[in-house]
Structure formats: C-alpha cells, structure tokens
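I opened my notebook to jot down how some helices pack in this model. Here is what I looked up.

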Amino acid sequence: MNETDSEKDLFILDGHFDLTMDMLDRRERGETGVYLNHYARDFSAGGINCVFSALFLHNHFLPEMALRKALCQISVLHDEIIESDGRLKLCTSTAQIREANSTGQLGVVLSFEGVEPLMGDMRLLKIFHSLGVRGVGLVWSRRNEAAEGCTFHPVEAGSEGGLSAFGLSLVRHAEELGMFIDVSHLNDSGFWNVMEIARGPVIASHSNCRSLCDHPRNLTDEQIKAVAEKNGVIGINALSAFVLPSSVERKASVDDLVSHVDHLASLVGTDHIGIGFDFDGTFLDYTGMGKAIDVYDVIDGHRETPLFISSLRKRGYSEVDIRKIVGGNFMRVLENTIG
Ligand SMILES: [Zn+2]
C-alpha cells in the first residue's frame, strides 16, 4: 500500500476543537452555513473524520450567561447540521462515529471545556447528557464550582485548590452516565484528585509534555504515566506555547510537536497518544480583547494534518502506530466510556 492509499483510509479524530464556539460566534453576527463556508474544505483536505467539539465560554460570559451560551452552542450545531448538505453528524456513540465515517460525514462529539454551564447544579448534568454531551473537561484555565484550572499567566488569587465536593461528585456522576473525563486545563492538585477517584479511562484531550516544554498546561512524566495507567489518551496540542519553551529563540515546528509524541512513546508506548490540535487560527476575535496568550498553530490548521502524519513516518512510526495515534486510541477510550 502506498502512502496515498493508506492515508485515504486512516481514521483521524481531533480530540479538541472549538467548533461550536465559532459556529455560535459567527451565527450571532448573521452568518449561516459556517461549517460549509469555513471548515468543510479544510477538514476534508486534512482527512479529519471526527472532532471533540468543546463547549467553551469566554470569561466575559460568566457566570450568568454560561448555561444559555452552552445551550445556544448546541442549538446552532443542529442548525449547522441541517445546512451542511449531510456532511455533519452529532455523535453520541462509537457506532454513530463509524456510521458518520462510512458516509463521509464529520462526526462531532460534544464535550465541556469547563462545567460552568451546570451552574453548580448536578441535575443539569443528565440534561446535557441527553442533549448529546459526552465529555467532561472539568475546567478551563480558571476556577469554577468543580475545580481550579492552571492559569496562563500568574494571577492574583488565594491558595491553590484541588477538586471541590461538587467536582468529586461530578466525576462519579459523569462516569456513571457514560461520559469521559478530561483533565486538560486542571491544576496539578485537581489532576491527582481525579486520578484517585476516576474509574477511567481518563483523557487529557489537548496537553503536551512538561519535560519538553515547562508550562503548567502540559503534563509531568508522572501524570503521563497516570493517564496511561487509567488506559487513557493524551492528545498532543499544536499551540506553539505548549510545544516549545519561550526561551528557545526559534519558531516551533511540526518536528517539535512530533518530539512530544516521541517522549510520550518512550514513557508509555503508543497506545496512549492521540491528537488534540486545539487550532485557533480560524477564530475571529470579535471582542477585541486579544488572545489570552501569544500563540500560533505549529500546523496551519486541519488541512495540514498530512504534514504531521508524514513527520511521524519520517521518525519511523509504523502504520499500525500511526493509526492508533491519529484516532484509534481515542476510539478505544470512547468504546470504554460512551460506548
Ligand atoms: Zn483548551
């Protein structure tokens, strides 16, 4: 099988993308058909089959608008599905993801990136589950009812904390409902609290290796081993700030990203590596607030996914390993969580 043939039937799952956030942002300003107009071509060029779409909320919507904005993100996804010419599908099971894949649709799995939309009320969890949400990232990089996120910049705050009583209960309830737990953005105390109580698998949807790039958003070697022991997956993140330390005076490249894959493989093998590229190059900054951190994507969006795959090949990864890394491992987690 040559490279082109093998690439065509690779199943590729990106474990983190703010698709629904951008759909809502653009639709609130009058656009329609956001997926077809802004994403379909890039996803198709990159061979992407499935994404975990984060229900992410900017700070300025909190706390009052959290619930409404999350519901609106789900609502506009339905509008986008109708307008997508059959190219988008909301998926709540691996069978649905496979079905989407077999018909050339992009499978979208909804996941919280911070549980602010629950407004501290556990009864809302099953409502979001019934709306199709299957992933629970407890926090973004801020404190909420469940836990505390690691921040990008030092901010004035009180003592750092782990999971709250609500957070501990949330992990248990979410796992009972068949949702997967995502530890990306948690601070270290919260990370270890999750590991103590979660049945697993637990994922870090978009985090890299702290030993290569010393940033609190990245995982220590001990944390990487703990995720692997829970039979989880770490999705590597293409945001430059998490790929190469700022002290290195050159631009981070796809090769630097593959070095994170190498490090993960050397620690825990290839069964626990995925992709969670976290691309943000396509999002318009409507608020004029600027980005939280000065970053760029080391791969220029989903259309350049083949560059990442060819870099894996150049480093000597087998086709079997590549299949696992670009989607197979995350599918295993989904089989063991959402079913
Ligand atoms: Zn994130």
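Which residues in α11 meet which in α12? I found Val-254, Asp-255, Leu-257, Val-258 and Val-261 in α11 meeting Leu-307, Phe-308, Ser-311 and Leu-312 in α12; contact means C-beta atoms, placed from the backbone, within 7 Å. I sorted the residues of this contact into seven nonpolar, one polar and one charged (Ala, Val, Leu, Ile, Met, Phe, Trp, Tyr, Cys and Pro count as nonpolar, Asp, Glu, Lys and Arg as charged, the others, Gly among them, as polar).

A note to self on provenance: this is a predicted model, where local features need pLDDT of at least 70, side-chain atom pairs count only at pLDDT 80 or more, and totals for chains, interfaces and linings use all residues. Residues are numbered from 1 along each chain as its sequence is written.

Next I looked at α2 (residues 19-28) and α4 (residues 66-82), helices being DSSP runs of H or I, at least four residues, numbered from the N terminus. Their axes, lines fitted to C-alpha atoms over the stretch in contact, come within 9 Å and cross at roughly 80 degrees, on a scale from 0 to 180 degrees between N-to-C directions. I therefore call α2 and α4 roughly perpendicular (65 to 115 degrees). On the α2 side I listed Thr-20, Met-21, Met-23, Leu-24 and Arg-27, and on the α4 side Cys-72, Gln-73, Val-76, Leu-77 and Glu-80. By class, that contact has six nonpolar, two polar and two charged residues.

Methods
Two residues are in contact if their C-beta atoms, placed from the backbone, lie within 7 Å. Helices (H or I, at least four residues) and strands (E, at least two) are DSSP runs, numbered from the N terminus. Angles under 35 degrees count as roughly parallel, over 145 as roughly antiparallel, 65 to 115 as roughly perpendicular and the rest as oblique.
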